[in-house]
Amino acid sequence: MTNHAAQLLKLSDTDLIIANPAEDIRGRTARDVNGEKIGKIEDLLIDNETNEVRMLRVEHGGVLGFGATPSFVPVEAISRITDEDVHLRRAGAEVAQAPRYEPELTDESEFYGQVYGYYGYPPYTTSGMASTLPYPMVATRGMGMY
């Protein structure tokens with residue numbers, strides 16, 4: 001297996017969109033393995049080389065959007081997606097206890113490796129992962145579908 005030096009970027013920080021807008025899950029409710037509400041999908045993290053969605057940024061806790069805590073979840077943890085919800089293969093407590101990103105203290109690529117390890121998935125930089133991803137690719141604005 002070979003690794004590449006890709007970075008993960010927040011989709012909202014790029015000029016990219018989900019190729020099929022109906023598959024954009026931002027704003028949907030994240031639910032755990034038992035169907036319990038965890039929080040909202042606030043953003044998607046994409047691989048800057050392949051433009052594939054690799055992680056979800058789930059905001060949970062807080063009141064009216066203030067004080068919410070972000071957790072990062074690899075897309076491999078998605079079990080199914082409905083029009084309103086994204087169901088995960090993990091318990092809400094497991095998502096809440098995932099490693100926290102602290103920019104001043106943690107190297108970004110090291111952090112994402114820790115998240116993948118925490119959830120028990122191989123890192124996104126492992127070649128051959130694209131064929132097993134349960135989530136769509138992204139496209140540059142105005143290009144439409146891939």
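Colleague: Which residue is the bridge partner of L9 in β4?

Modeller: L9 is paired with I46 of β4, and this pairing belongs to a set of three bridges that join β1 (residues 8-10) to β4 in the antiparallel sense. Please keep in mind that the model is predicted.

Colleague: What makes β1 and β4 a pair of strands?

Modeller: Two strands pair if at least two bridges are found between them, and three bridges join β1 to β4, so the pair satisfies that cut-off.

Colleague: How do you know that β3 and β5 also pair with β4?

Modeller: Strand β3 (residues 29-31) is joined to β4 by three bridges and runs antiparallel to it, with R31 standing opposite K37. Strand β5 pairs with β4 over six bridges, again in the antiparallel sense, and there I41 stands opposite V58. Because the cut-off is at least two bridges, three bridges are enough for β3 and six are enough for β5.

Colleague: Which residues take a positive phi in the two hairpins that involve β4?

Modeller: In the hairpin of β3 and β4, which has five residues between the strands, G35 in the turn has a positive phi of about 85 degrees. In the hairpin of β4 and β5, which also has five residues between the strands, N51 takes a positive phi near 60 degrees.

Colleague: Why is the phi of N51 worth a remark?

Modeller: Most residues other than glycine have a negative phi. N51 is a residue other than glycine, yet its phi is positive, near 60 degrees.

Colleague: Why is N51 called buried when its place is in a loop?

Modeller: N51 does lie in the loop between β4 and β5, but the term depends on accessibility: buried means under 20% relative accessible area, and N51 has 17%, so it counts as buried.

Colleague: What makes you describe β4 as mostly covered?

Modeller: Eight of the eleven residues of β4 are buried. For the protein chain, 42% of the 146 residues count as buried.

Colleague: Which residues touch the most other members of the largest nonpolar core, and which elements supply that core?

Modeller: The largest nonpolar core has 32 residues, and L44 and L56 touch the most other members. The elements that each supply at least two residues of this core are β2 (16-18), β4 (37-47), β5 (53-60), β6 (69-74), β8 (85-88) and α2 (108-119). Leaving aside neighbours within four places in sequence, L56 is in contact with residues including I25, I41, L44, F72, V73, I78, V86 and L88.

Colleague: Why is E59 called buried, and what does E59 touch?

Modeller: E59, whose place is in strand β5, has a relative accessible area of 16%, which is under the 20% cut-off, and therefore E59 is buried. Not counting residues up to four places away in sequence, E59 touches I38, G39, K40, E42, A68, T69 and P70.

Colleague: How do you know that R57 and E59 form a salt bridge?

Modeller: The closest N and O atoms of R57 and E59 are 2.7 Å apart, and because a salt bridge needs such atoms within 4 Å, the pair qualifies. The side chains of E59 and R57 are also joined by a polar contact of 2.7 Å.

Colleague: Why is the contact of R90 and E94 called a salt bridge at 3.7 Å?

Modeller: The cut-off is 4 Å, and the N to O distance between the side chains of R90 and E94 is 3.7 Å, so the pair meets it. R90 is buried, with a relative accessible area of 17%, whereas E94 is partly exposed at 25%. Elsewhere, salt bridges that share partners join D47, E52 and R54 into one network.

Colleague: Why does R26 count as partly exposed, and how many salt bridges are there in the whole structure?

Modeller: Partly exposed covers values between 20% and 50%, and R26 has 28% relative accessibility, so the term applies. R26 forms a salt bridge with D24, the closest N and O atoms being 2.5 Å apart, and a search of the whole structure finds six salt bridges.

Colleague: Which elements have the lowest and the highest mean pLDDT?

Modeller: Strand β9 (residues 138-140) has the lowest mean pLDDT, 63, and β3 has the highest, 97. Where pLDDT is low, the predicted coordinates should not be read in detail. The mean for the protein chain is 81, and 76% of its residues reach 70 or more.

Definitions and conventions: Residues numbered from 1 in each chain as written. Predicted model: local features only at pLDDT ≥ 70, side-chain atom pairs only at ≥ 80, totals over all residues. Heavy atoms only, no water. Core = buried A, V, L, I, M, F, W, Y, C linked by side-chain atoms within 4.5 Å. Buried < 20%, exposed > 50% of the residue type's maximum accessible area, 1.4 Å probe, protein only. Helix = DSSP H or I, 4+ residues; strand = E, 2+ residues; numbered from the N terminus. Contact = heavy atoms within 4.5 Å. Polar contact = N/O pair within 3.5 Å; in protein donor to acceptor, adjacent residues only side chain to side chain. pLDDT = per-residue confidence, 0-100.
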